[in-house]
Amino acid sequence: MTSSHLPEPALQAAAESLASLPSAQAAHLHACAQCQRQVALYRQLYVAAAQLPPPVFNFDLTAKVLAQLPRPPAKPAFTWALGLVAALVAGVVVVFTLVFGGALAQAMQGLFTVLGAGLGIGAAVLLAGQCLELVAQHRQRMRLLAFS
Amino acid sequence: MSSPPASLLTDQQLVAQILGGNAAAFGQVVRRTEGLVTQMVFKMIRHPADRPDLAQEIYLKAYKNLAGFKFQAKLSTWVGQIAYNTCLHYLEKKQLVLLDPTEATADEDAPNYRAAPTHLASTDADPEAALFGRDLADILGAAIEQLPPLYRTLVSLYHQQELSYEEIAQITSLPDGTVKNYLFRARKQLKLHLLARYQRADL
């Protein structure tokens, strides 16, 4: 038997499981009544702690929480009505295209011509502006070089 | 085919049901974790009037953040983390301390093992037998209430909720070693408290 008693952590560990003790400490415990009392006290403490009544709220926590959850977005009452409206709209578009399709195509063709010309002129103006800017920058650099 | 009752669903199935729009399934999450959350709220928060609101806030946070739960831990551990952090935030807001720094460093023999206290070594009385006949639960309950909030929480998580050191470490974000060390100190304080009661009663 070792002269000194088991340290506190070993006493606590032994109270949980004797198998956790190194053999020398286990041998000491086997022979030492005082350490056995300490272990027994810890064991009793653990058992009593595990048996303490758990705290409880004096209301139904589950019901309270569920009552506060944000509600999911409500589904439309007549989902089939939405489908019907969508089908009607699609039908109107198809009929309109069949009846007025030719005239519509001609109108769009004219519109595309005007749009194309407008875009071309715009691009030419931008290009010309860029060229003038480059020429102006070049001339300024030449002037600075001439006086340096 | 009918789906299994909510109490039999795995964490994954339960979360999938809730995210799929079945908010009522969240009731099962509350029922599964109510013991843990209530225990934590009661141990960390001294002011009884604040506990119900905090408990509900914990679950509302869990519900809102459920889509972010990645199943890296058990669902109960994740809810426990939310409970711990919510209570911690409450304590910070109220400028209350979870563990006095002097408490955390005061002890003693946690890093280095030491023999039992000499006054215990010299007694021939059997404290176990002496305490056995008394209302140990009452004495212990009162002793636990006198511990710092963090120690109270750790003792209840380990000894009452029967969580492992690893699960407690996950919930509290404390290192495993720190959890063990704090639990060691808490138990030792409880033992000394019980012995002091025994010796007082014996006079």
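## Close-up views of a two-chain model

**View 1. Val97(B) sits in the loop between H4 and helix H5 (101-106) of chain B.** Please keep in mind that this is a predicted model. Is Val97(B) buried, exposed or partly exposed? Val97(B) counts as partly exposed because 13 other C-beta atoms lie within 10 Å, while a buried residue would need 20 or more and an exposed one 12 or fewer. Look also for Met44(B): in sequence, Val97(B) and Met44(B) are 53 residues apart, yet in space their C-alpha atoms are 9.8 Å apart.

**View 2. Here H3(B) packs against helix H4 (residues 75-93) of chain B.** The two axes are 9 Å apart and make an angle of about 130°. With that angle, H3(B) is oblique to H4(B). The crossing of H3(B) past H4(B) is right-handed.

**View 3. Now come the residues through which H3(B) and H4(B) meet.** Which residues does H3(B) bring to H4(B)? They are Leu54(B), Glu57(B), Ile58(B), Lys61(B) and Ala62(B). On the H4(B) side you will find Val79(B), Ile82(B), Ala83(B), Thr86(B), Cys87(B) and Tyr90(B). Sorted by class, this contact has 8 nonpolar, 1 polar and 2 charged residues.

**View 4. Chain B and chain A touch through 41 residues from chain B and 35 residues from chain A.** On the chain B side, the elements that give two or more residues are helix H2 (26-44), helix H3 (51-64), helix H7 (127-132), helix H8 (136-145), helix H9 (149-160) and helix H11 (176-202) of chain B. Which element gives the most to this side? That is H2(B), with 9 residues. The chain B side divides into 23 nonpolar, 9 polar and 9 charged residues.

**View 5. Chain B has 11 helices and 0 strands.** Following the sequence, you meet the pattern α-α-α-α-α-α-α-α-α-α-α. Of the 203 residues in chain B, 32% are buried. Among the contacts in chain B with a separation of 6 or more, 70% join residues 24 or more positions apart.

**View 6. A last stop shows how confidence varies in chain A.** The mean pLDDT of chain A is 84, and 87% of its residues reach 70 or more. Where is confidence lowest, and where is it highest? The lowest is in helix H5 (residues 79-147) of chain A, at a mean of 81, and the highest is in helix H4 (residues 61-68) of chain A, at 95.

Conventions. Residues numbered from 1 in each chain as written. Chains lettered and ligands numbered in written order. Predicted model: local features only at pLDDT ≥ 70, side-chain atom pairs only at ≥ 80, totals over all residues. Contact = placed C-beta atoms within 7 Å. Helix = DSSP H or I, 4+ residues; strand = E, 2+ residues; numbered from the N terminus. Nonpolar A, V, L, I, M, F, W, Y, C, P; charged D, E, K, R; others polar. Axes fitted to C-alpha atoms, helices over the stretch in contact; angles between N-to-C directions. Parallel < 35°, antiparallel > 145°, perpendicular 65-115°, else oblique. Left-handed = near helix turned anticlockwise from the far one by under 90°. pLDDT = per-residue confidence, 0-100.
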